[in-house]
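Subject: Structure handover

Hello,

Here is the structure I said I would pass on. Please look through it first; my notes come after it.

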Amino acid sequence: MTSDFSAAAVPIIDVRPLFGTDLEAKQAVAKQIDAACRVSGFFYASNHGIDLKQLVNATNEFHRTMTDEEKYDLAIRAYNSSSTRIRNGYYMAIKDKKAVESYCYLNPSFTADHPIIKSGTPMHEVNRWPDESRHPGFRQFNEAYYWQVFDLSAALLRGFALAVGKDERFFEPHLTAADTLSSVALIRYPYIE
């Protein structure tokens with residue numbers, strides 16, 4: 001079997017039915033997911049309910065208003081030796097070496113009293129957010145976005161489960177909101193702009 005990896009070979013799949021209760025509609029989406037995964041291995045998800053324009057605007061505003069001092073203060077240990085952070089924080093761009101910079105945050109469920117945090121499990125951290133007075137609504141927006149993407153992930157996993165002939169809840173025990181180590185990276189390329 002030959003594969004065409006052109007842009008035309010990556011289908012757009014309306015995933016809205018995966019959020020509903022109509023099993024037939026979900027199975028139709030699962031059939032499209034199965035076909036896409038067997039050809040290019042990729043697909044675009046449409047009608048997922050996430051406002052991507054709002055995400056782009058919020059991310060651009062955040063990066064545009066961050067000072068170098070704020071970036072350094074939020075930087076992970078690789079860029080700020082006094083930081084205790086390994087994952088959550090700012091990843092600095094370095095002129096002529098690394099064009100990308102980003103802010104990474106983890107599961108908002110990770111609070112100081114979360115069992116995983118208390119146990120000191122590696123790579124799990126309580127998020128440290130930028131100053132709310134300088135970046136009003138940033139944390140609230142991003143925590144809401146995290147949960148929207150988590151819900152989309154759960155819906156897609158229902159589609160994948162149906163695509164391989166399993167009950168749609170097959171993956172649910174493996175994606176739990178309270179302890180998943182999912183992260184979000186808000187990326188910018190300052191030396192390309």
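The notes below cover the sheet, the helices packed on it, the cores and one buried loop residue.

Please keep in mind that this is a predicted model.

The sheet

The model has an open sheet of three strands, in the order β3-β4-β5, with antiparallel pairing. Because β3 and β5 each have a single partner strand, they form the edges, and one side of each has no neighbour in the sheet. From one strand to the next the twist averages 20°.

The pairing between β3 and β4 is made over three bridges, in the antiparallel sense. Gly-89 has Cys-104 in β4 as its bridge partner. β4 and β5 are also antiparallel and pair over six bridges. Here Tyr-103 is matched with Leu-186 in β5, while Leu-106 stands opposite Ser-183 of β5.

As for how far β4 is covered, six of its six residues are buried. In a regular strand, side chains alternate between the two faces of the sheet. In β4, Glu-101, Tyr-103 and Tyr-105 point one way, and Ser-102, Cys-104 and Leu-106 point the other way. Residues of both sets are buried.

Helices on the sheet

α2 lies across β3, β4 and β5, and runs at about 65° to β5. α5 also packs on the sheet, where it touches β4 and β5; its direction makes about 65° with that of β4.

How does the length of α5 compare with what its 26 residues should span? At 1.5 Å a residue the expected span is 38 Å, and the end C-alpha atoms are 37 Å apart, so the two agree. Just after α5 comes Gly-165, which takes a positive phi of about 80°.

The cores

In soluble globular proteins, nonpolar side chains tend to be buried together. The largest nonpolar core in this model has 27 residues. The members that touch the most others are Ile-13, Leu-18, Tyr-90, Tyr-103, Tyr-105, Tyr-145 and Leu-186. Two or more residues come from each of α1 (23–39), α2 (52–65), β4 (101–106), α5 (138–163) and β5 (183–188). Of these, α5 gives the most, with seven residues.

Leu-186 is a useful place to start looking at this core. Leaving out residues up to four places away in sequence, Leu-186 touches Leu-55, Thr-59, His-63, Glu-101, Ser-102, Tyr-103, Tyr-105, Phe-138 and Asn-142. Apart from the largest core lies another, of five residues, among them Cys-104, Phe-110, Ile-116 and Ile-117.

A buried loop residue

Asn-80 lies in the loop between α3 (68–74) and β3 (89–91). Is Asn-80 buried or exposed? Its relative accessible area is 4%, and residues under 20% count as buried, so Asn-80 is buried. A polar atom of the Asn-80 side chain lies 2.8 Å from the backbone oxygen of Tyr-72. Beyond residues up to four places away in sequence, Asn-80 touches Tyr-72, Asp-73 and Ala-75.

Regards

Key: Residues are numbered from 1 along each chain as its sequence is written. This is a predicted model: local features need pLDDT of at least 70, side-chain atom pairs count only at pLDDT 80 or more; totals for chains, interfaces and linings use all residues. Side-chain values use heavy atoms; hydrogens and water are left out. A nonpolar core is a set of buried Ala, Val, Leu, Ile, Met, Phe, Trp, Tyr and Cys residues joined through side-chain atoms within 4.5 Å. Buried means under 20% relative accessible area, exposed over 50%, partly exposed in between (1.4 Å probe, protein chains only). Helices (H or I, at least four residues) and strands (E, at least two) are DSSP runs, numbered from the N terminus. Contact means heavy atoms within 4.5 Å. The expected span of a helix is 1.5 Å times one less than its number of residues. A polar contact is a pair of N or O atoms within 3.5 Å; within protein, one must be able to donate a hydrogen and the other to accept it, and residues adjacent in sequence count only if both atoms are side-chain atoms. Two strands pair if DSSP finds at least two bridges between them. Axes are lines fitted to C-alpha atoms, for helices over the stretch in contact, and angles run from 0 to 180 degrees between N-to-C directions.
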